Amino acid sequence: MIEDSQNRQPIVPRGTQRGFSIVEIMMAAIIAGILAAIAIPSVLTVLSNMRTLGDARGLNDEIALAKMRAAANFTLARVYADLSSQTFHLEYWNKTGATWVTEGGTQTLSSGVSYGLGGISAPPPSSQTTIGQAPACLQDPNDATTTVANTACVVFNSRGIPMDYTQAPTSEDAFYITDGKALVFGLTVSATGVIRTWQGATNSTTWTRR
């Protein structure tokens with residue numbers, strides 16, 4: 001080894017300098033690929049769960065808002081879910097014009113999330129008698145014979161009580177959304193107007209209160 005006469009530092013001959021070999025680079029790439037293959041599915045699952053939970057919270061907030069609007073405007077208000085387009089929005093009944101009026105914008109469920117039961121066959125405890133989406137929306141609340149296909153509506157009267165086609169209090173109103181893989185969220189409304197959010201696993205009968 002040669003020393004630099006000025007600063008006394010050893011000078012490494014050019015031919016002895018080494019970098020990473022092709023084998024070492026390939027091994028590092030293989031290890032990185034294996035770690036990515038392990039991590040990516042977990043990350044995707046977490047993101048999917050977050051999207052589904054976010055939609056459940058959005059529906060919960062919309063139901064609560066409809067309940068308040070019904071009482072504030074002294075009329076009927078409802079959350080209108082379009083089961084085909086995977087959307088929902090709030091409407092109130094205009095007594096003078098005898099028509100439903102949309103308030104706010106239409107919200108769309110996240111990519112990969114849709115209305116559905118995900119294979120769960122039993123409703124959350126102390127809610128519906130039989131699990132299922134809320135009844136189809138009526139074009140006119142005074143005409144129980146004309147419904148809108150592929151819809152579901154949770155309707156509140158001016159006292160903030162959910163009502164059925166006969167305008168009687170009901171505990172059968174609910175929305176269910178799923179990611180189609182692992183999770184189902186249920187939004188139920190009791191006959192007294194209490195809104196609850198539930199979480200369940202697909203093909204299971206166990207619900208957890210959120």
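Two strands count as paired when DSSP finds at least two bridges between them. With that in mind, let us walk through this predicted model, beginning with its sheet.

**The open sheet and its edges**

Five strands come together here: the 5 strands form an open sheet in the order β6-β10-β11-β12-β13, with antiparallel pairing. At the edges stand β6 (114-115) and β13 (207-209), and each has a single partner strand, so one side of each is left without a neighbour in the sheet. For β13 we can look at the pairing in detail. Strand β12 (residues 195-201) runs antiparallel to β13, and 3 bridges join the two. Within this pairing, Q199 stands opposite T208 in β13.

**The hairpin of β4 and β5**

Now on to another antiparallel pair. Strand β4 (residues 87-94) is joined to strand β5 (residues 99-108) by 7 bridges. The hairpin that these strands make has 4 residues between the strands, and A98 takes a positive phi near 50 degrees there. Across the pair, Y92 stands opposite V101 in β5.

E103 also lies in strand β5. Is E103 buried or exposed, or something in between? The relative accessible area of E103 is 22%, and because buried means under 20% and exposed means over 50%, E103 is classed as partly exposed. Leaving aside residues up to four places away in sequence, E103 touches R69, L90 and Y92. Two of these partners can be described further. The C-alpha atoms of E103 and Y92 are separated by 7.4 Å, although the two residues are 11 residues apart along the chain. With R69, the side chain of E103 makes a side-chain to side-chain polar contact of 2.4 Å.

**T151 at the start of β9**

Strand β9 covers residues 151-156, and T151 is found in it. The relative accessible area of T151 is 6%, and because buried means under 20%, T151 counts as buried. What does T151 touch, apart from residues up to four places away in sequence? The contacts are with Y80, A81, L83, A134, P135, A136 and C137. One of these, C137, is also reached through a polar atom pair: the side chain of T151 comes to 3.0 Å from the backbone nitrogen of C137. On the V148 side, a polar atom of the T151 side chain lies 2.6 Å from the backbone oxygen of V148.

The polar atom pairs of E103 and T151 can be set side by side:

| Residue | Partner | Distance |
|---|---|---|
| E103, side chain | R69, side chain | 2.4 Å |
| T151, side chain | V148, backbone oxygen | 2.6 Å |
| T151, side chain | C137, backbone nitrogen | 3.0 Å |

**Empty space: a pocket and a cavity**

Rolling a probe the size of a water molecule over the atoms shows where empty space is left. The largest pocket holds about 180 Å³ of space. Which residues sit closest to its centre? Of the 15 lining residues, the closest are L138, V155, M163, D164 and Y165. By class, the pocket lining has 10 nonpolar, 1 polar and 4 charged residues.

As for enclosed space, the count comes to 1 cavity of 30 Å³ or more. The volume of the largest cavity is about 40 Å³. S126, S127, T188, V189, S190, V194 and R196 line the largest cavity. By class, that lining has 2 nonpolar, 4 polar and 1 charged residues.

Terms used
Residues numbered from 1 in each chain as written. Predicted model: local features only at pLDDT ≥ 70, side-chain atom pairs only at ≥ 80, totals over all residues. Heavy atoms only, no water. Buried < 20%, exposed > 50% of the residue type's maximum accessible area, 1.4 Å probe, protein only. Polar contact = N/O pair within 3.5 Å; in protein donor to acceptor, adjacent residues only side chain to side chain. Contact = heavy atoms within 4.5 Å. 1 Å grid on protein atoms, 1.4 Å probe; cavity = no way out; pocket = protein on both sides within 12 Å on 5 of 7 lines; lining within 4 Å. Points joined across faces, edges and corners; volume = space filled by probe spheres on them. Nonpolar A, V, L, I, M, F, W, Y, C, P; charged D, E, K, R; others polar.
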